[in-house]
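The following paragraphs lead through one protein structure, beginning at a single residue and widening from there. The sequence and the coordinates are best kept in view while reading.

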Amino acid sequence: MTAATLTELARLDVPTVDLGGWAAGSRTTRETIARTLDRAARSVGFMQIVGHGIPPHAITGLTGALDQFFALPLDVKQRYVEPPEVNRGYTPPRSERLSYSLGLDSPADLFEAFNVGAHVDQFPALDLDPVVYARNRWPVEAPAFARGVWTWFEHVQALARTLEEVFALALGLPEGFFAPFTDHSIDVLRMVNYALPEGTRLEPDQLGMGAHTDYGIVTILWADPVVGLQVLDGDG
């Protein structure tokens, strides 16, 4: 990699937002956090969140669960494939081409994934679509999976609600503005494995996951030390 290339890469600075003072903070503290988040959202669209309060055991529980499930043989994992309209369960490699969402043509993505999400049983007083709020299927072959994944899911749900509070202040909206819109939001956790099986043959321009833009209010990514995620900035 040349020095010029490194300079190009260095142009995009992903800001850090510390939520540590939000919960018990004064109005001034909260406004400072909101301004920091506002600048990050307007200038980059990505930010690194620290001070989120998610305990280490939730992270180790998640990673242990993922290692256990994705190490299973493919034929076992495929038992948990759901119909396309049900956004749950296992997605085998080469099942999706996410770049199609941007009108780009590329080879099928190499990642495999497992999805869980908010389900009808959590909202017994509401008449919700059982497909959109489908019940989760937990792989019995990975005994640690359900507990590790759902513990993480609940922590990240709480973080998303906190971020919505910060968004409201940053936008000059009343406190609790987003709550009526997210009291039964379609929260989904997608767990992705990018490790390629031995002997995988790559097609030209094939990626682990193609370029795409997420939809919804907020996407929270767990950032591990492995490089690979790329962010497209306003200058291309």
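In this predicted model, Asp-187 is a convenient point of entry: it lies in the loop between α6 (179-182) and β5 (188-193). The relative accessibility of Asp-187 is 16%, under the 20% limit, and therefore the residue counts as buried. Its side chain makes a polar contact with the side chain of Arg-161, at 3.3 Å. If residues up to four places away in sequence are set aside, Asp-187 touches Val-116, Gly-117, Ala-118, Phe-153, Gln-157 and Arg-161.

Two of these neighbours, Val-116 and Gly-117, lead into the sheet. The sheet is open and has three strands in the order β3-β4-β5, with antiparallel pairing. Because β3 and β5 stand at the edges, each has a single partner strand, and one side of each is left without a neighbour in the sheet. Neighbouring strands of this sheet are turned against each other by 20° on average, direction ignored.

How many bridges connect β4 and β5? Six bridges pair these two strands, in the antiparallel sense. Within this pairing, Val-116 stands opposite Leu-189 of β5, and Gly-117 has Val-188 of β5 as its bridge partner. On the other pairing, β3 and β4 also run antiparallel and are joined by three bridges. Tyr-90 has its bridge partner in β4, namely Phe-114.

The strand β4 is mostly covered, for six of its six residues are buried. Glu-112, Phe-114 and Val-116 point one way from β4, whereas Ala-113, Asn-115 and Gly-117 point the other way, and all of them are buried.

The helices that lie across the sheet come next. Helix α3 (residues 56-70) lies across β3, β4 and β5 and runs at about 60° to β5. This helix has 15 residues and reaches 21 Å from its first C-alpha to its last, close to the 21 Å expected at 1.5 Å a residue. The buried residues of α3 are Ala-58, Leu-62, Ala-65, Leu-66, Phe-69 and Phe-70. They cover an arc of only 110° around the axis, and therefore they lie on the same side of α3. The general geometry behind such a pattern is that an α-helix has 3.6 residues a turn, so residues three or four places apart point the same way.

Against which elements do the buried residues of α3 pack? Their partners are α4 (74-77), β3 (89-91), β4 (112-117), α5 (145-170) and β5. The face of α3 turned away from this buried side carries the exposed residues Pro-56, His-57, Thr-60 and Asp-67.

Helix α5 lies across β4 and β5, running at about 120° to β5. It has 26 residues and reaches 37 Å from its first C-alpha to its last, close to the 38 Å expected at 1.5 Å a residue. The helix α5 is followed by Gly-172, whose phi is positive, near 70°.

Positive phi values also occur in residues other than glycine. Arg-94, in the loop between β3 and β4, is not a glycine, yet has a positive phi of about 65°. The relative accessible area of Arg-94 is 39%, and the residue is therefore partly exposed. Asp-205 belongs to the segment after β5, and its phi is near 65°, a positive value in a residue other than glycine. With 68% relative accessibility, Asp-205 counts as exposed.

Two further residues help to trace the segment after β5. Leu-207 has its place there and, at 45% relative accessibility, counts as partly exposed. Leaving aside neighbours within four places in sequence, Leu-207 is in contact with Ala-108, Asp-109 and Leu-110. The C-alpha atoms of Leu-207 and Pro-83 are separated by 24 Å, these residues being 124 residues apart along the chain. Gln-230 likewise lies in the segment after β5, and its relative accessible area of 74% makes it exposed. Between Gln-230 and Ala-211 the C-alpha to C-alpha separation is 8.9 Å, with their positions 19 residues apart in sequence as the distance along the chain.

Key:
Residues numbered from 1 in each chain as written. Predicted model: local features only at pLDDT ≥ 70, side-chain atom pairs only at ≥ 80, totals over all residues. Heavy atoms only, no water. Helix = DSSP H or I, 4+ residues; strand = E, 2+ residues; numbered from the N terminus. Buried < 20%, exposed > 50% of the residue type's maximum accessible area, 1.4 Å probe, protein only. Polar contact = N/O pair within 3.5 Å; in protein donor to acceptor, adjacent residues only side chain to side chain. Contact = heavy atoms within 4.5 Å. Expected span 1.5 Å × (residues − 1). Arc of directions from axis to C-beta. Pairing = 2+ DSSP bridges. Axes fitted to C-alpha atoms, helices over the stretch in contact; angles between N-to-C directions.
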